[in-house]
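Good morning, and thank you for coming. I should like to take you through several local features of one chain, beginning with its backbone.

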Amino acid sequence: MHENHTDTGTDSATVTAPGGVQAAADDIGDDAYDVLVIGAGPVGLTTAIQLGARGWRVGLVERWPHAYPLPRAVVFDHEVARILASLGLADALPTFSEPAADYEWRNGTGETLLRLAFENTGHSGWPTMNIFTQPQLEGALEAQARRTSGVEVLRGWEATDLAEDASGVSLTVAESAGDEPVLRSGVRKRRTLRAQYVVGCDGANSFVRSRMTTTMADRGFQHDWLVLDVLPHDPDRVFTPRNLQVCDPLRPTTAVSGGPGRRRWEFMLLPGESSAEFGSAENAWRLLAAWDLHPGNATLERHTVYTFRARWAENWREGRLLLAGDAAHQMPPFAGQGMCSGIRDAANLTWKLDLVLHGDAGETLLDTYTTERSQHLQHAIELSVFLGGIICEPDPTAAALRDARMLADRKDGRGPLADMPPQMLTGGLLRQAPDGTPKAPAGQLDCQGRVRFRGRTGLFDQAVGSGFALLATEDPRAALDDEALGWCERLGIRLLRLTGDPAANGPADVVDLDGTYSSHLERCGQGALLLRPDHYVFGGASRKEEVSGLVAALRQELTVSAAVSQAG
């Protein structure tokens, strides 16, 4: 599936006072936060909401006074749908997204090379792939952020300088119109904000990343594509297939849904073509004419040329500075994982920051953020580059060989994704086997199904809630001593008994309405799973007697991180 992003960043002159903190020409006071998040796109908003919901004071800094009104990313998967729903958007998601029913690849002569059908209920309880409209998603996220106690949205303020010390970060921000400074009587207002940590969710031209020493790894993939967002006037017009990739060496083309009531076309520029000429509205309509679209039956909402790249930061944390989203990585859109990866960044980072801020773990726990997300992210980039190599082939001879290979694979029931490894964590905060590798099922993404809990019925997150959970076929409390129970309570670990008995109504009983969890546990040979707040499995226990050791393993990992941090 496809998506696009608009890079955001900062580029402004600064005046630096002694000690490295920018001098304010018109200082309007200091503001103290626990965490400052720079960039109010989907990743920054998700980060702010998750931290605010955990009780922290968050300043969300965004240089643009108003949200970007045009589409960019257009797809999110079942895992990201679950994360968005856990933010409080479960009821809103169907209003601006729809399941991606299909995805078909054809060659230049119209032969079908690959056809994918996506399930309406994926592993995480939401449709496997979803097409959406980003401005509506951002609107829902920002409204939720403003409703979240402790979150302050600071629009129209640009990060211009920062200074880190032993106890926190001082961030200087200046009033901004987005693409230029705001001057009042020739003076630009400035504020000095203070926080323990700063998270840069500020795009490919990240200000935060510019203040770090991390280098960028580059996969060497680079192609220019014209992206068109279109609103057909006939709401009943059906495009079949709904999502199409035309692997034509004469003009690689994408035609997909852009969310309810919208369509997106993407056309690859060929060698020698001018971005300025190819990206004009006149050329856009010329290309769309082949799809029976013209100014009389459609509105061209946006036309712009993007350069698709594949690169990532080597380190996503440096002291009290952290990166997420496009600030940490960019990738081609062909697997639809750019924004998804950024949302996963937020889900991974925020619960770890919460533990560190609470003092339940040392700041070295934050190093697992880079470990876990970087390897996961590189899988997504390799997948995107792999698909891009198939799609962006301009040589007719090479394309003919590709077509023959894909047609043969299709007859054999294989596709180009058959040999790609599954997405899971392979290192970080996971229960370890004796050889130092994760002990299965540690690192797996947990499933989600419909349950009933304390009179509430729905998907697990909406019925039970988010956070740590110890889910077992027998009451896990019986396997833990008082000290372990007290530690679980302090950390917020829900101790839950999974049952298929529809009459069960105990305070810890989770009734598995559709057998989703019992089937999952049986497949992985476990009687209990300790689930992390980002829905990945910390570890499992096959027998009741192993549950206490499972809890002890998590406690040990967090204790070690605290000890290492104190020693450092």
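Please look first at Asp292, which sits in the loop between helix H7 (281-288) and strand S18 (298-313). Please bear in mind that this is a predicted model. Asp292 is not a glycine, yet its phi is positive, at about 60°. As a reminder, most residues other than glycine have a negative phi, and most peptide bonds are trans.

A second residue to note in this respect is His535, whose phi is near 75°, again positive in a residue other than glycine. His535 is in the loop between strand S27 (528-531) and strand S28 (537-541). With a relative accessible area of 8%, His535 counts as buried, because the cut-off for that term is under 20%.

Let us turn to the peptide bonds. The bond from Thr240 to Pro241 is cis, with omega near -5°, and Pro241 belongs to the loop between strands S14 (216-232) and S15 (244-247). Ala440 and Pro441 are also joined by a cis peptide bond, here with omega of about 10°. Pro441 is located in the loop between helix H10 (396-411) and strand S22 (450-453).

His535 leads us to Arg82, since the residues that Arg82 touches include His535, along with Ser124, Trp126 and Phe460. Arg82 is part of helix H2 (residues 78-89). Is Arg82 buried or exposed? Arg82 is buried, its relative accessible area being 4%. Its side chain makes a polar contact with the side chain of Asp461, at 2.7 Å.

Helix H2 also packs against helix H4 (residues 134-147), with the two axes 10 Å apart and at an angle of about 45°. That angle makes H2 oblique to H4. On the H2 side the contact is made by Leu84, Leu87, Gly88 and Leu89, and on the H4 side by Leu137, Ala140, Leu141 and Gln144. Sorted by class, this contact has six nonpolar residues, two polar and no charged ones.

I shall finish with two further helices. Helix H8 covers residues 338-358, and its 21 residues should span 30 Å at 1.5 Å a residue; the end C-alpha atoms are 31 Å apart, which agrees. Of those 21 residues, 20 are buried, so H8 is largely enclosed by the rest of the structure. Just after H8, Gly359 has a positive phi of about 85°.

Helix H9 (residues 367-391) has 25 residues, with an expected span of 36 Å, and its end C-alpha atoms are 36 Å apart, in agreement. H9 is mostly covered, with 18 of its 25 residues buried. Thank you for your attention.

Conventions
Residues numbered from 1 in each chain as written. Predicted model: local features only at pLDDT ≥ 70, side-chain atom pairs only at ≥ 80, totals over all residues. Heavy atoms only, no water. Helix = DSSP H or I, 4+ residues; strand = E, 2+ residues; numbered from the N terminus. Expected span 1.5 Å × (residues − 1). Buried < 20%, exposed > 50% of the residue type's maximum accessible area, 1.4 Å probe, protein only. Polar contact = N/O pair within 3.5 Å; in protein donor to acceptor, adjacent residues only side chain to side chain. Contact = heavy atoms within 4.5 Å. Axes fitted to C-alpha atoms, helices over the stretch in contact; angles between N-to-C directions. Parallel < 35°, antiparallel > 145°, perpendicular 65-115°, else oblique. Nonpolar A, V, L, I, M, F, W, Y, C, P; charged D, E, K, R; others polar. Lists of a residue's contacts leave out its neighbours within four places in sequence.
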